[in-house]
Amino acid sequence: MKKKIIFIALVCSIFCAAFTQENSVEQRVISIYSSVHDYDMNPYTAATTSEAQLFTGLYEGLFTYDPKNLSPVKALCTDYKISRDKKRWTFTIRSDAKFSDGTVITADHVKNSWLNLLKTPYAPFASMFDSVTGAAEFRQGKGAEEDVRIVARDKNTLVVYLNEPVSHFTKILCHHAYSVVSEKKGVYSGPFVLESYSKKNMELKKNENYWDATRVKIPGIKYTFVTEKEEKDVPFLYNNGEIDWIEYPTEIKALINKDVIKSGTQFCTMYFFFKQNNEPWNHVEFRKALLDAVPYDKLREGSFDAAETLVPSLPGYPSVSGYSDSDVDDAILQMNKARKMYNVPQNEKLQLVFAISDDPYWEKMADLLKKAWEPLGVELTVQTAPYYQYNSSIETWNADMFFYSWVGDFADPIAFLELFRGDSSLNVAKYKNEEFDKALSEAVLKDGAYSLYAKAEQILLDDAEVIPVHHPLSLNVIDTEQVGGWAINALDIHPLKYLYIKALPKVSIPNLVMLRDLRR
């Protein structure tokens with residue numbers, strides 16, 4: 001009888017120990033490895049997904065992203081209401097919201113943050129607020145600050161007046177550019193604060209004054225930035241348990257546990273576009289000739305999801321006519337007609353500068369286009385910049401063609417089409433087409449009618465302004481059995497506040513041989 005009691009007690013102790021371990025895992029600093037990136041630490045001007053990911057930890061606005069589906073979640077606001085005509089939005093700012101230095105966040109802080117965004121030069125996402133009455137005029141230097149209809153009614157009430165209804169307004173407010181930003185340096189509104197930043201590392205520490213601090217489980221996050229030469233060692237470090245998350249494509253063959261490879265289709269398109277600042281590429285006839293000579297099968301070779309159009313697939317979005325077929329002979333005829341139309345000699349070599357990052361992939365793409373366009377009398381030359389400086393250089397770079405890998409900020413066609421609206425701050429292509437702008441405006445009036453967005457995209461494609469290539473996949477390395485609060489999503493943005501060290505669901509199976517011996 002005594003032996004049986006010992007046996008039962010031993011089994012119970014094993015399962016209780018497993019249960020206790022599962023529910024009392026010690027939280028620690030999470031280690032993230034990322035490729036070297038020249039971070040723009042200003043949320044108003046930052047434009048890459050690397051910054052967007054980081055800023056989910058340092059800054060917060062009225063809304064933030066749901067970690068699974070990226071739908072808007074109320075953050076610094078507790079409630080909001082919309083007027084009957086959908087042009088007046090009233091937000092209630094939470095009374096317990098504070099900056100990291102303990103300063104209470106008020107409606108005035110929100111208002112001033114948005115006004116500072118609108119008056120910041122080269123703020124790429126500022127035009128997303130053009131629907132706010134007076135915002136576009138103020139942003140463009142044509143109107144006064146006091147005419148922007150953002151009103152702090154009291155310390156906890158903010159009222160925003162729109163020109164027209166905007167159904168995706170809360171999605172815009174999730175973006176880091178619309179975060180609440182303190183005018184004091186080193187003070188943050190998000191779940192973490194920046195402790196240190198160097199070329200090799202970045203350290204974040206939990207913001208104890210954050211309104212939702214009890215939900216932030218980990219004490220901090222350490223980023224390590226890896227050069228191309230160092231990348232070969234990263235899988236070994238991961239296998240050795242020294243890394244929690246690799247947020248860039250790595251050598252997956254070297255990973256022991258292949259289940260940690262997390263890949264998914266992004267709401268993203270990689271494409272080429274023309275900046276129409278030089279002759280003759282500011283004329284659609286010349287661009288159409290080029291696009292008719294592109295070998296699309298070779299250009300998209302190896303792509304998981306080849307792209308014939310700019311806007312990725314969305315439920316209910318009408319199909320538009322994209323680019324998939326090429327005909328060199330017809331392209332030559334079109335080029336000859338264009339030359340005649342604009343009095344360009346038939347034997348004159350046309351210079352086209354393609355600006356790329358210093359990467360073998362883009363060099364291969366450039367060589368492919370160079371050979372395809374030589375029969376048209378086009379001489380393509382390449383200019384390069386380091387990949388971590390490439391995007392920020394486009395605005396002032398006097399080249400004819402560039403590439404973008406653009407991730408939509410929310411699942412709506414306007415997230416891509418806004419890049420080509422005439423007055424948009426995102427329009428680095430300097431594209432201008434009144435019919436395109438009119439279609440976008442009509443879509444807003446009709447609460448984002450997909451048919452009008454599709455009409456606008458068709459105008460853009462017919463103008464031969466873009467050459468879609470493919471819709472990229474996201475690739476991360478993270479063991480979601482060990483790290484919680486992380487999920488694959490279309491934007492590949494993972495809010496840092498939800499990360500935690502997970503209790504492993506391991507319940508040890510008793511060693512029956514050992515237990516048999518103990519019972520004897």
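**Entry 1: the four-stranded sheet**

I looked up Y80 and found that it stands opposite F91 in strand 5. The strand numbers I use here count DSSP runs from the N terminus, with strands (E) of at least two residues and helices (H or I) of at least four. The model is a predicted one: I accepted local features at pLDDT of at least 70 and side-chain atom pairs only at pLDDT 80 or more, while totals for chains, interfaces and linings use all residues. Residues are numbered from 1 along each chain as its sequence is written, and side-chain values use heavy atoms, without hydrogens and water.

I then traced the pairing of strand 4 with strand 5 (residues 88-93), which is antiparallel over five bridges; two strands count as paired if DSSP finds at least two bridges between them. These strands belong to an open sheet of four, in the order 4-5-7-6, with antiparallel pairing. Strand 4 (77-82) and strand 6 (150-154) each have a single partner strand, so one side of each edge strand has no neighbour in the sheet. I noted that neighbouring strands of this sheet are turned by 20 degrees against each other on average, direction ignored. Axes are lines fitted to C-alpha atoms, for helices over the stretch in contact, and angles run from 0 to 180 degrees between N-to-C directions.

**Entry 2: T90**

I next examined T90, which is found in strand 5. Its relative accessibility is 9%, so T90 counts as buried. The classes are buried under 20% relative accessible area, exposed over 50% and partly exposed in between, with a 1.4 Å probe and protein chains only. Which residues does T90 touch, not counting residues up to four places away in sequence? I listed D79, Y80, K81, T157, L158 and V159; contact means heavy atoms within 4.5 Å.

**Entry 3: the seven-stranded sheet**

I followed a second open sheet, which has seven strands in the order 8-9-10-1-11-18-12 and mixed pairing. Its edges are strand 8 (192-197) and strand 12 (261-265); each has a single partner strand, so one side of each is left without a neighbour in the sheet.

At the strand 8 edge, I found antiparallel pairing with strand 9 over five bridges. The two strands form a hairpin with three residues between them, and V193 has K205 in strand 9 as its bridge partner. Further into the order, strand 1 (residues 30-35) and strand 11 (residues 245-246) run parallel and are joined by two bridges. I identified W245 in strand 11 as the bridge partner of I32.

At the strand 12 edge, the partner is strand 18 (residues 473-478), in the antiparallel sense over five bridges. I261 stands opposite V477 in strand 18. I also checked the side chains of strand 12: K262 and G264 point to one face and are buried, whereas I261, S263 and T265 point to the other and are not.

I noted that helix 2 (residues 49-58) lies across strand 8, strand 9 (201-206), strand 10 (220-226) and strand 11, and runs at about 120 degrees to strand 8.

**Entry 4: H109**

I located H109 in helix 3 (residues 107-118). At 25% relative accessibility, H109 counts as partly exposed. Leaving out residues up to four places away in sequence, H109 touches F99, T103, V104 and V180. I recorded a C-alpha to C-alpha distance of 35 Å between H109 and D244, which are 135 residues apart in sequence.

**Entry 5: backbone geometry in loops**

I checked two residues that have a positive phi although they are not glycines. Y122 has a phi of about 60 degrees and sits in the loop between helix 3 and helix 4 (135-139). Y122 is exposed, with a relative accessible area of 66%. A464 has a phi of about 55 degrees and lies in the loop between helix 14 (450-462) and strand 17 (466-470). A464 is buried, at a relative accessible area of 0%.

I also recorded a cis peptide bond from E279 to P280, with omega near -5 degrees. P280 is in the loop between strand 13 (268-274) and helix 7 (284-292).

**Entry 6: the whole chain**

I counted 15 helices and 20 strands in the chain. The C-alpha trace spans about 105 × 60 × 45 Å along its principal axes. Of the 520 residues, 51% count as buried. Among contacts between residues at least 6 apart in sequence, 71% join residues at least 24 apart.
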